[in-house]
Amino acid sequence: MSQWYFDYGGQRSGPFNHAEAVARARQNPDGAVWRDGFPQWVAIRHVAELAESTAPAANVAGAPPRVAHEIDYRIVGGSMQFVEVELDPGEGAVAEAGAMMYKDPSIQMETVFGDASQPRGGFLSKLAGAGKRLLTGESLFMTVFTHGGSGKARVAFAAPFPGTIIPVMLPSVGGQLICQKDSFLCAARGVGISIFFQQKILTGLFGGEGFIMQKLEGDGLAFVHAGGTVVDRQLAPGESLHVDTGCVVAFEASVGFDVQRVGGVKTMLFGGEGMFFANLTGPGRVWLQSLPFSRLAGRMLAAGGGRGKEEGSVLGGIGLGALIGDDD
């Protein structure tokens with residue numbers, strides 16, 4: 001199992017095994033903790049694995065807190081990445097169908113209907129979870145990978161197109177992460193994957209991702225895939241950032257997401273940046289991608305179809321020459 005390290009006001013100590021970490025967290029929960037697999041130091045009170053000492057709040061009124069499995073990982077590759085997850089006996093990971101790259105024989109695969117974070121739910125709850133996934137354009141089923149042997153075993157999940165895999169420890173972002181559709185790659189078993197509705201009409205119509213986005217929630221580790229290079233930006237309270245609508249990968253639930261018109265009519269028609277920017281307002285953390293898949297696919301389609309178009313222009317393939325006529 002993983003070894004734990006503690007930080008109290010800059011004074012660090014460790015390593016400790018799990019039992020020792022629980023006892024230490026119970027004695028003083030006002031510090032930070034780290035173990036292999038954590039991308040950064042996390043407040044002790046936000047670590048679900050120390051739940052018996054820090055007593056985290058439930059996700060919703062009357063519901064027990066989610067307890068995700070503890071997993072270790074490594075990310076391999078540059079522009080074409082995959083993540084290898086290391087599991088102890090009994091531990092599991094969930095992933096979208098078709099994401100697996102390889103696995104050890106002791107890891108068992110099981111197809112789950114609906115939300116794999118609540119396997120013991122009734123049929124109606126599973127049906128509701130499957131319906132939510134269908135709304136986001138995903139499969140009705142997810143795949144659960146469980147280590148059924150002894151020792152350690154590994155399973156790897158590959159990104160679907162060139163880009164960067166982002167590990168996110170959900171307690172470090174308040175237990176919830178809002179992300180674009182199709183960006184979820186895999187997670188520790190116990191992480192919930194559901195939907196997030198855009199309540200503003202303009203944001204839903206022109207925000208780049210429609211009215212429905214994905215919501216990851218729980219107390220475990222999740223992996224999100226982004227195209228190209230990733231920018232990780234922390235927004236201060238009231239700070240705003242204008243972003244191309246297709247370049248928004250994910251953001252904390254505390255971040256405001258709206259759209260703003262790019263400018264005048266001429267800029268909207270001929271500027272090549274579309275009609276609206278995504279307007280992100282802090283406080284909170286946001287992740288941006290340099291190469292949205294829609295942009296990559298559009299370039300490939302334009303190259304294969306001959307005449308391209310100005311990206312983001314509402315005129316599409318109708319260029320300025322087509323409007324005013326080409327002189328021979």
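**Entry 1: the sheet with strands 1 to 4**

Two strands pair if DSSP finds at least two bridges between them, and I kept this cut-off beside me while going through a model that is predicted. Strand 3, residues 32–35, and strand 4 are joined by 2 bridges in the antiparallel sense, so by that definition I enter them as a pair. I looked up one of the partners and found that Val 33 has Val 42 in strand 4 as its bridge partner.

Stepping back, I noted that 4 strands make an open sheet here in the order 2-1-3-4, with antiparallel pairing. Strand 2 (11–16) and strand 4 (42–43) are the edge strands, each pairing on one side only. Helix 1, residues 18–27, packs on this sheet, where it touches strand 1 (4–8) and strand 2, and its direction makes about 20 degrees with that of strand 1.

While on strand 2 I looked at Pro 15, which lies in that strand, and I recorded that the peptide bond leading to Pro 15 from Gly 14 is cis, with omega near 5 degrees.

**Entry 2: the chain as a whole**

I then looked up the totals. The chain holds 7 helices and 23 strands, and 45% of its 328 residues count as buried. About 15,900 Å² is exposed by the chain, and carbon and sulfur atoms supply 56% of that area. Of the contacts between residues at least 6 apart in sequence, 72% join residues at least 24 apart.

For confidence, I wrote down a mean pLDDT of 75 for the chain, with 68% of the residues at 70 or more. Over residues 307–324 the pLDDT is below 50, and the model gives this stretch 27 contacts beyond near neighbours in sequence. Residues 52–65 also stay under 50, and for them the model has 18 contacts beyond four places in sequence.

**Entry 3: a second open sheet**

Another open sheet that I traced has 4 strands in the order 5-6-11-8, and its pairing is antiparallel. Its edge strands, each pairing on one side only, are strand 5 (72–76) and strand 8 (100–103). From one strand to the next the twist averages 20 degrees.

At the strand 8 end, I found that this strand pairs with strand 11, residues 153–158, in the antiparallel sense over 3 bridges. Tyr 102 stands opposite Ala 156 in strand 11.

**Entry 4: strand 17 and Phe 223**

I gave strand 17 (residues 221–227) a longer look, since 7 of its 7 residues are buried. I noted that Leu 221, Phe 223, His 225 and Gly 227 point one way from the strand, whereas Ala 222, Val 224 and Ala 226 point the other way, and all are buried.

Strand 17 pairs with strand 12 (residues 163–169) in the antiparallel sense over 7 bridges, and within that pairing Gly 163 has Gly 227 as its bridge partner. Strand 14, residues 184–188, also runs antiparallel to strand 17 and is joined to it by 3 bridges; here I found Cys 186 opposite Phe 223.

Phe 223 itself has a relative accessible area of 0%, and I therefore enter it as buried. Outside four places in sequence, Phe 223 is in contact with residues including Ile 71, Tyr 73, Val 83, Val 85, Ile 165 and Phe 184. I also noted that the C-alpha atoms of Phe 223 and Ala 187 are separated by 5.8 Å, although these residues are 36 apart along the chain.

**Entry 5: Gln 289, at the end of strand 23**

Which backbone nitrogen lies 2.7 Å from a polar atom of the side chain of Gln 289? I found that it is the nitrogen of Gly 227, a residue already entered above as the bridge partner of Gly 163.

Gln 289 lies in strand 23, which covers residues 284–289. Its relative accessibility is 4%, so I enter Gln 289 as buried. Apart from neighbours within four places in sequence, Gln 289 is in contact with Gln 180, Ala 226, Gly 227, Thr 229, Gly 246, Cys 247, Val 248 and Val 249.

Moving back along the chain, I looked up Pro 283, which is placed in the loop between strand 22 (276–281) and strand 23. The peptide bond from Gly 282 to Pro 283 is cis, and its omega is near 20 degrees.

Key
Residues are numbered from 1 along each chain as its sequence is written. This is a predicted model: local features need pLDDT of at least 70, side-chain atom pairs count only at pLDDT 80 or more; totals for chains, interfaces and linings use all residues. Side-chain values use heavy atoms; hydrogens and water are left out. pLDDT is the predictor's confidence in each residue, from 0 to 100. Contact means heavy atoms within 4.5 Å. Buried means under 20% relative accessible area, exposed over 50%, partly exposed in between (1.4 Å probe, protein chains only). A polar contact is a pair of N or O atoms within 3.5 Å; within protein, one must be able to donate a hydrogen and the other to accept it, and residues adjacent in sequence count only if both atoms are side-chain atoms. Axes are lines fitted to C-alpha atoms, for helices over the stretch in contact, and angles run from 0 to 180 degrees between N-to-C directions. Accessible areas come from the Shrake-Rupley method with a 1.4 Å probe; for residues, only the protein chains shown count as cover.
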